[in-house]
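Reader: I am new to this structure and would like a close look at a single part of it, taken slowly. Please start from one pair of facing residues and work outwards from there.

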Amino acid sequence: MIAPGVGLAVRGRPDVELSLYLRCEGDNDSTTILDDSMARTLRSITVTGDAKLSTVDPIGQTSSLVVGTSGSLIVPNVSNLTVRNLEFRIKASTTEMVLNTPYLLFRQTTTGGSTSFMVTATRTSGNSGSITILWYRPIFSYFNTQMGVNIPDFTISNHVAFDHYSNGVLFGYVNGLRQSANNYQFNGVAGVGGSLTIGGSGFDLNIGASGSQFRGKLDNIRTSNISRRDGTNSFVPSE
């Protein structure tokens with residue numbers, strides 16, 4: 001079981017902009033996965049299928065999230081689950097990722113499907129590949145654009161961050177180093193009524209893309225309703 005947390009602190013006070021924080025720490029095979037952000041008392045996370053924690057070769061301290069062959073986490077949009085910043089750790093073996101197959105990591109769609117985003121991981125050669133964020137904006141009435149970051153080796157722990165700066169630019173980071181930027185006005189997506197799904201599989205009608213079930217490990221999943229990295233060239237990933 002994952003013990004309830006007290007949220008991270010910023011300059012000695014609770015970090016109210018941290019809209020979701022899953023430390024993924026707990027007993028092996030546990031399906032109790034709690035939110036460690038300040039919204040934890042308002043939000044109940046639904047665990048579906050065979051999603052669970054695993055203490056076998058974890059990314060983090062003692063355990064990591066495995067969404068399995070049919071599982072997912074569904075995080076309801078309670079207490080401002082707006083995603084201006086998304087950060088997580090990922091690790092997978094080559095047998096868990098077939099070449100040139102997009103695997104679904106995150107997906108969020110607002111009520112009525114007015115806008116949405118999807119994050120997928122793809123192994124393209126050997127142990128390497130990319131993680132891509134795709135999003136849709138209703139002003140264009142179809143898939144808008146995408147941005148990716150390169151992963152040199154999926155078989156080791158990698159920290160990935162997508163950060164929407166206040167000037168409208170979306171930045172992508174791997175292990176604290178900035179890799180990419182896109183100046184489309186990414187809207188953060190989850191303003192009202194949009195739950196966040198972690199794992200799973202399926203097709204997004206707005207984006208026109210699909211993702212297969214990811215069978216590797218995820219850890220230290222965080223979302224914030226503000227920019228965390230402010231366009232910096234590098235930072236030290238926190239755990």
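Author: Leu73 stands opposite Ile198, a residue of strand S16, and this facing pair belongs to an antiparallel pairing in which 4 bridges join strand S7, residues 72-75, to strand S16, residues 196-199. The model is a predicted one, and what follows should be read with that in mind. Ile198 is also listed among the residues with the most contacts inside the largest nonpolar core, together with Phe88, Ile90, Leu105, Phe106, Val119 and Ile131.

Strand S16 has another partner in strand S9, to which 3 bridges join it, again in the antiparallel sense. Here Arg107 is the residue that stands opposite Thr197 of S16. Strand S9 covers residues 103-109, and the loop that lies between strand S8 (85-91) and S9 is the place of Asn100. Asn100 has a phi near 60°, which is a positive value in a residue other than glycine, and its relative accessible area of 56% makes Asn100 an exposed residue, because the cut-off for that word is over 50%.

A useful contrast is offered by Cys24, whose phi is likewise given as near 60°, a positive value in a residue that is not glycine. Cys24 lies in a loop as well, the one between strand S3 (18-22) and strand S4 (46-48). With a relative accessible area of 1%, however, Cys24 is buried, because that word applies under 20%.

Returning to S9, we find that 6 bridges join this strand to strand S10, and that the two run antiparallel. Within this pairing, the bridge partner of Leu104 is Thr120 in S10. Strand S10, which spans residues 116-125, is mostly covered, since 8 of its 10 residues are buried. S9 also pairs with strand S18, residues 209-213, but in the parallel sense and over 2 bridges, and in that pairing Tyr103 stands opposite Ser212. S18 in turn pairs with strand S17, residues 202-204, in the antiparallel sense over 3 bridges, with Gly211 of S18 as the bridge partner of Gly202.

What fills the space among the side chains can be followed from Val119. Leaving out residues up to four places away in sequence, Val119 touches Leu86, Phe88, Tyr103, Leu104, Leu105, Phe106, Ile131, Thr132, Ile133 and Phe162. The largest nonpolar core has 40 residues, and Val119 is one of those with the most contacts inside it. A second, separate core consists of 6 residues, including Leu104, Met118, Ile207 and Ala209. As general background, in a regular strand the side chains alternate between the two faces of the sheet. It is also a general tendency in soluble globular proteins that nonpolar side chains are buried together.

From here the view can move to Ala161, which has its place in strand S13, residues 158-164. Ala161 counts as buried, because its relative accessibility is 0%. Apart from neighbours within four places in sequence, Ala161 is in contact with Leu86, Glu87, Phe171, Gly172, Tyr173 and Phe235. One of these, Gly172, is 11 residues away from Ala161 along the chain, and the C-alpha atoms of the two are separated by 5.8 Å.

Two other contacts of Ala161, namely Tyr173 and Phe235, lead on to the aromatic pairs, of which a search of the whole structure finds 3. The rings of Tyr173 and Phe235 have centres 5.2 Å apart and planes at 70°, so this pair is edge-to-face. Because Tyr173 lies in strand S14 (residues 170-174) while Phe235 lies in the segment after strand S19 (217-224), the pair ties together parts that are 62 residues apart in sequence. Both Tyr173 and Phe235 are buried. In addition, Arg229 lies over the face of Phe235, at 3.7 Å from the ring centre.

Finally, these details can be set against the chain as a whole. The chain has 0 helices and 19 strands, and 54% of its 239 residues count as buried. Among the contacts in the chain with a separation of 6 or more, 65% are between residues 24 or more positions apart. The accessible surface of the chain comes to about 10000 Å², and 51% of that surface belongs to carbon and sulfur atoms.

Notes. Residues numbered from 1 in each chain as written. Predicted model: local features only at pLDDT ≥ 70, side-chain atom pairs only at ≥ 80, totals over all residues. Heavy atoms only, no water. Buried < 20%, exposed > 50% of the residue type's maximum accessible area, 1.4 Å probe, protein only. Pairing = 2+ DSSP bridges. Core = buried A, V, L, I, M, F, W, Y, C linked by side-chain atoms within 4.5 Å. Contact = heavy atoms within 4.5 Å. Areas by Shrake-Rupley, 256 points an atom, 1.4 Å probe, with all protein chains shown as cover. Phe/Tyr/Trp six-rings, centres within 6.5 Å; stacked < 30°, edge-to-face > 60°. Lys NZ or Arg CZ within 6 Å of the ring centre and 35° of its normal.
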